[in-house]
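User: I would like to learn how to read charged side chains in a protein model. Could we go through some together?
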Amino acid sequence: MTDRATALRAEGRDVISLSVGEPDFATPAHVVAAAKAALDAGDTKYTPVGGTARLKAAAALHFARDLGIEAPTTQVTVSAGGKQAIFHALLATLDPGDEAIIPSPWWVSYPEIVRFAGGVVRDVPTDAASGFRMSADQLAAAVGPRTRWLLLNSPGNPTGAVYSAAELRAFGEVLRAHPQVLVLSDDIYAPLRYMPGAHATLAVECPDFAERILTVSGVSKSHAMTGFRIGVAAGPEWLIRAMERLQSHSSGNPCSISQAAAVAAFEGPQDFLGEWRERFRARRDRVVAAINAIPGLWTPVPDGAFYCLIDAAPLMDRFGDDEALCLHLLKHGVAVVAASAFGGRDGFRISFAADEAKLDEALRRIAAAMS
Ligand SMILES: Cc1ncc(COP(=O)(O)O)c(C=O)c1O
């Protein structure tokens with residue numbers, strides 16, 4: 001949809017894209033300065049495959065400070081984006097026919113990576129009525145002897161759903177009877193949460209799972225550094241070593257300049273995040289209020305990330321499917337992504353990582369297109 005929107009704009013059409021998955025804010029100045037300083041200092045050579053000692057220490061600080069996960073640097077690794085960490089973890093551990101449980105709607109890359117690694121996707125559908133959160137009963141029904149991974153993402157893309165500590169502990173109860181199951185906790189959106197209280201994550205809620213949880217995080221979303229390509233992961237040493245072995249024979253070390261920038265991101269001031277969160281929260285409230293006022297559309301309130309997954313089931317009789325609905329919205333000048341692209345159905349995702357004026361105009365166009 002982003003490409004279609006760009007093509008239409010090139011033809012002179014006025015299209016607002018609410019389809020992107022990155023913050024619209026500029027990368028913080030101190031991070032950019034650290035990248036420039038690294039270049040000037042000649043940090044332009046190979047680094048250790050799993051990241052510099054400096055960045056591993058900074059990532060360990062991030063895991064402890066922001067997620068409550070205490071991990072020595074031997075249990076931390078750095079890759080070219082959170083995506084690569086997930087790719088290597090699954091590739092290193094899935095045997096043909098192994099199952100990975102993924103609650104849907106899901107982040108688009110999870111099922112593709114599982115299949116690439118020879119695994120089988122076990123979809124656990126969730127819906128707007130349940131806040132797009134899987135229940136422990138659903139997990140219990142899905143898990144079996146062939147299950148190798150559970151992929152959890154909180155706050156979630158595309159739903160913004162956030163699991164509570166109690167919900168995560170209930171998942172732990174289920175998984176205790178299945179010791180072969182590893183858990184990917186993708187917490188990359190954790191700094192972008194809009195409710196009070198600390199972030200809940202499985203590694204903290206179930207410390208007895210230390211040998212089987214990989215927590216993935218990074219700087220892409222929290223520090224508007226998507227182009228730098230740095231992701232970090234914390235997990236058991238055996239898995240971290242396996243991921244680094246794969247990395248050593250694929251891409252090698254992540255970019256040295258980007259690593260220096262990520263050190264500044266983790267170690268430098270974090271106060272800008274408070275302002276970003278407030279802006280995102282206010283935008284979220286605008287989106288939820290405007291969407292829920294349109295007959296036929298409904299969204300639960302997303303507690304984190306910068307996405308809203310909108311249920312449009314009552315309109316499917318008219319449009320046929322959610323792709324047709326998205327094309328209709330595109331004709332009215334707004335690009336959004338169909339829920340079916342995320343393994344969902346009958347709806348669409350709005351990214352509110354767009355400035356307030358654009359967002360208001362896009363919401364006005366959506367209301368006009370639906371009237
Ligand atoms: C849920 C989720 N996990 C991981 C990533 C990967 O982020 P990165 O750009 O650091 O590879 C994304 C990016 O869209 C995401 O939405």
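User: Thanks! To start, by how much of a helical turn are arginine 115 and glutamate 112 separated in helix α5?

Analyst: Happy to help, and please keep in mind that this is a predicted model. Arginine 115 and glutamate 112 sit three residues apart in helix α5 (residues 109–116), so they are separated by about one helical turn. The two form a salt bridge, with their closest N and O atoms 3.7 Å apart. The general idea is that a salt bridge is called when a side-chain nitrogen of Lys or Arg comes within 4 Å of a carboxyl oxygen of Asp or Glu, and this pair meets that cut-off at 3.7 Å. As for the surface, arginine 115 has a relative accessible area of 45%, so it counts as partly exposed.

User: Which residue forms a salt bridge with glutamate 361?

Analyst: That is arginine 365, and the closest N and O atoms are 2.9 Å apart. Both residues belong to helix α14 (residues 356–370), where they are four residues apart, about one turn of the helix. Glutamate 361 is partly exposed at 24% relative accessibility, whereas arginine 365 is buried at 10%. There is also a wider network of salt bridges here, linking Asp14, Glu361, Arg364 and Arg365.

User: How many salt bridges does the structure hold, and which parts of the chain does the pair of arginine 146 and aspartate 98 link?

Analyst: The structure holds 21 salt bridges. In one of them, the side chains of arginine 146 and aspartate 98 meet at 3.1 Å, N to O. This pair links distant parts of the chain, 48 residues apart: arginine 146 is in the loop between α6 (136–142) and β5 (147–153), and aspartate 98 is in the loop between α4 (82–93) and β3 (99–104). Arginine 146 is partly exposed, at 41% relative accessibility, while aspartate 98, at 10%, is buried.

User: Now a charge without such a partner: how far from aspartate 187 is the nearest side chain of opposite charge?

Analyst: The nearest one, arginine 193, is 8.5 Å away, and aspartate 187 has no salt bridge although it is buried. In such a case, look next at the other neighbours. The side chain of aspartate 187 makes a polar contact of 2.6 Å with the side chain of serine 185. Aspartate 187 lies in the loop between β6 (182–186) and α8 (202–205). Leaving aside residues up to four places away in sequence, aspartate 187 touches several others, among them Leu67, Ser154, His199 and Thr215.

Note on methods
Residues numbered from 1 in each chain as written. Predicted model: local features only at pLDDT ≥ 70, side-chain atom pairs only at ≥ 80, totals over all residues. Heavy atoms only, no water. Helix = DSSP H or I, 4+ residues; strand = E, 2+ residues; numbered from the N terminus. Buried < 20%, exposed > 50% of the residue type's maximum accessible area, 1.4 Å probe, protein only. Lys, Arg positive; Asp, Glu negative; His and termini not counted. Polar contact = N/O pair within 3.5 Å; in protein donor to acceptor, adjacent residues only side chain to side chain. Contact = heavy atoms within 4.5 Å.
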